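The exercises below are to be worked with the sequence and the model side by side. Each task is followed by a solution in steps.

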Amino acid sequence: MKALVLVDKQRCEVRNVQDPTPDKDGILIKVMANGVCRSDWHMWMHGQPANRILGHEFSGVVEEVGKDVTHFKKGDRVIVPFTNSDGTCPHCLGGKSHLCDSRTSPGANYDGGYAEYVAVPKGNRNVIHLPEEMNFLDASALGCRFMTAYHGLVDRVQVLPGEWVAVYGCGGLGLSLINIATAMGANVIGVDINDANLELAMQMGAIYTINSRVTKPIKAIMEITKGGADVSVDALGHSETCVNSIRSLKKDGRHLQGGIISNEGGNVSIPVNEMLSKEIRFISTYGMPVHRFSSLLPLVAQGKLTPGKMVNREVSLSDVNSLFEGMSQNALTGTFVVTKFE
């Protein structure tokens with residue numbers, strides 16, 4: 001099969017590789033679409049894991065099932081969460097499969113979706129049926145971004161109708177947050193340095209946008225909200241956006257960390273005394289419990305959430321390396337989905 005292989009730091013190559021085969025509890029999926037994600041970019045930047053097929057935002061059709069698989073059959077349309085679990089640890093048994101002590105992810109722990117086929121282990125629990133009303137493009141546009149955003153806003157900070165939500169970074173995760181928060185009845189402010197991203201943020205539901213290159217975002221948010229946002233999110237993953245998000249909150253506000261910090265080794269100096277005096281809450285989100293897909297997918301199928309609106313272009317495997325280069329320059333608008341595997 002054709003696959004995009006990470007061969008070195010900042011270099012992927014399209015290669016012919018051996019077709020995967022499923023284990024007795026695994027499922028072989030013919031990939032129909034795979035999202036291009038900033039998490040892939042992090043691995044591309046460092047060349048790890050070397051000789052791995054990246055990609056963790058894929059949907060497709062079941063090609064083959066292992067003998068122990070009971071919930072799926074050849075021809076089923078499916079989506080795969082980017083956090084896989086084994087079902088045995090206390091977190092899995094407590095309904096938090098995304099925090100599994102043996103958590104794995106396609107593209108990191110086993111070959112992923114930048115390929116014609118993927119063999120997913122423990123298929124009964126790590127593969128999910130896709131509603132007939134959803135196409136593969138929308139499914140893969142959910143990626144890790146929509147799952148993480150939905151869990152973060154609905155389950156973690158529990159956004160309420162009428163609340164002010166500020167989103168720092170209007171890339172894939174930020175646009176997902178904007179779309180979901182708007183659907184929940186919140187008033188959303190998008191912050192970015194790219195005017196094209198801010199325009200897309202408006203299309204996804206933001207009622208205000210701020211270009212932080214030309215306007216001081218904290219001051220602007222304080223003025224717009226008359227005292228600070230109820231919820232503010234760092235959707236980019238940078239020490240500056242993390243701290244700015246915290247300082248954009250009103251008293252008793254909730255900061256949501258969704259972006260993986262890409263500088264300073266992942267460490268951030270946060271204004272703890274200011275947070276203490278204002279009782280600011282720092283909350284994080286990563287992935288989504290597998291059982292929550294039964295709540296998320298119908299909203300997409302019904303058109304209440306629209307992940308496909310943020311897809312800029314369908315691309316081929318050979319385009320991905322240049323897209324990673326564009327991410328390094330913060331030069332991309334919207335998201336991209338691989339649908340051509342030739």
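**Exercise 1. An exposed lysine**

Lys67 is situated in the loop between strand 5 and strand 6 (77–79). The model is a predicted one.

Task: Determine whether Lys67 is buried or exposed, and identify the side chain with which Lys67 makes a polar contact.

Solution.
Step 1. The relative accessible area of Lys67 is 68%. The cut-off for an exposed residue is over 50%, and Lys67 is therefore exposed.
Step 2. The side chain of Lys67 makes a polar contact of 3.3 Å with the side chain of Asp68.
Step 3. For a sense of scale, the C-alpha atoms of Lys67 and Glu223 are 61 Å apart, with these positions 156 residues apart along the chain.

**Exercise 2. Two cysteines**

Task: Establish how many disulfides the structure contains, and explain why Cys100 is not bonded to Cys92.

Solution.
Step 1. A disulfide is a covalent bond between the sulfur atoms of two cysteines. The criterion applied here is a pair of cysteine sulfur atoms within 2.5 Å.
Step 2. By this rule the structure has 0 disulfides. Cys92 is in no disulfide, and the nearest cysteine sulfur, that of Cys100, lies 3.7 Å away.
Step 3. From the side of Cys100, the closest cysteine sulfur is that of Cys92, and a separation of 3.7 Å is too far for a bond.
Step 4. Cys92 is buried, at 11% relative accessibility. Cys100 is buried as well, with a relative accessible area of 5%.

**Exercise 3. Three buried residues and their surroundings**

Task: For His56, Asn126 and Ile128, state where each is placed, and list what each touches.

Solution.
Step 1. His56 occupies the loop between strand 4 (52–53) and strand 5 (58–65). With a relative accessible area of 3%, His56 is buried. The side chains of His56 and Asp40 are joined by a polar contact of 3.1 Å. Beyond four places in sequence, the residues in contact with His56 include Asn34, Cys37, Val80, Phe82 and Cys144.
Step 2. Asn126 belongs to helix 3 (residues 123–126), and is buried at a relative accessible area of 3%. A polar atom of the Asn126 side chain lies 2.9 Å from the backbone nitrogen of Ser85. Ser85 is also one of the residues that Asn126 touches; among the others are Val80, Pro81, Asn84 and Val120.
Step 3. Ile128 is part of strand 8 (residues 128–129), and counts as buried at 12% relative accessibility. Outside four places in sequence, Ile128 touches Phe72, Arg77, Val78, Ile79, Pro81, Val290, Phe293 and Leu297. For the pair Ile128 and Pro81, 47 residues apart along the chain, the C-alpha separation is 7.8 Å.

**Exercise 4. Salt bridges across the sequence**

Task: State how many salt bridges the structure holds, and locate the partners of Asp25, Glu57 and Asp230.

Solution.
Step 1. The structure holds 13 salt bridges.
Step 2. Asp25 pairs with Lys122, the closest N and O atoms being 3.8 Å apart. Asp25 lies in the loop between strand 2 (11–16) and strand 3 (27–36), and Lys122 in the loop between strand 7 (117–120) and helix 3, so the pair ties together parts that are 97 residues apart in sequence. Asp25 is partly exposed at 25%, and Lys122 is partly exposed at 37%.
Step 3. Glu57 pairs with Arg145, with the closest N and O atoms 3.0 Å apart. Distant parts of the chain are linked by this pair: Glu57 is in the loop between strand 4 and strand 5, and Arg145 is in helix 4 (residues 136–156), 88 residues apart. Both Glu57 and Arg145 are buried.
Step 4. Asp230 pairs with Lys250, and their closest N and O atoms are 2.6 Å apart. Because Asp230 lies in strand 12 (residues 229–234) and Lys250 in strand 13 (residues 249–257), the pair ties together parts 20 residues apart in sequence. Asp230 is buried at 9%, whereas Lys250 is partly exposed at 34%.
Step 5. Salt bridges also link Arg11, Glu13 and Arg15 in a network.

Conventions
Residues numbered from 1 in each chain as written. Predicted model: local features only at pLDDT ≥ 70, side-chain atom pairs only at ≥ 80, totals over all residues. Heavy atoms only, no water. Buried < 20%, exposed > 50% of the residue type's maximum accessible area, 1.4 Å probe, protein only. Helix = DSSP H or I, 4+ residues; strand = E, 2+ residues; numbered from the N terminus. Polar contact = N/O pair within 3.5 Å; in protein donor to acceptor, adjacent residues only side chain to side chain. Contact = heavy atoms within 4.5 Å. Salt bridge = Lys/Arg side-chain N within 4 Å of Asp/Glu carboxyl O.
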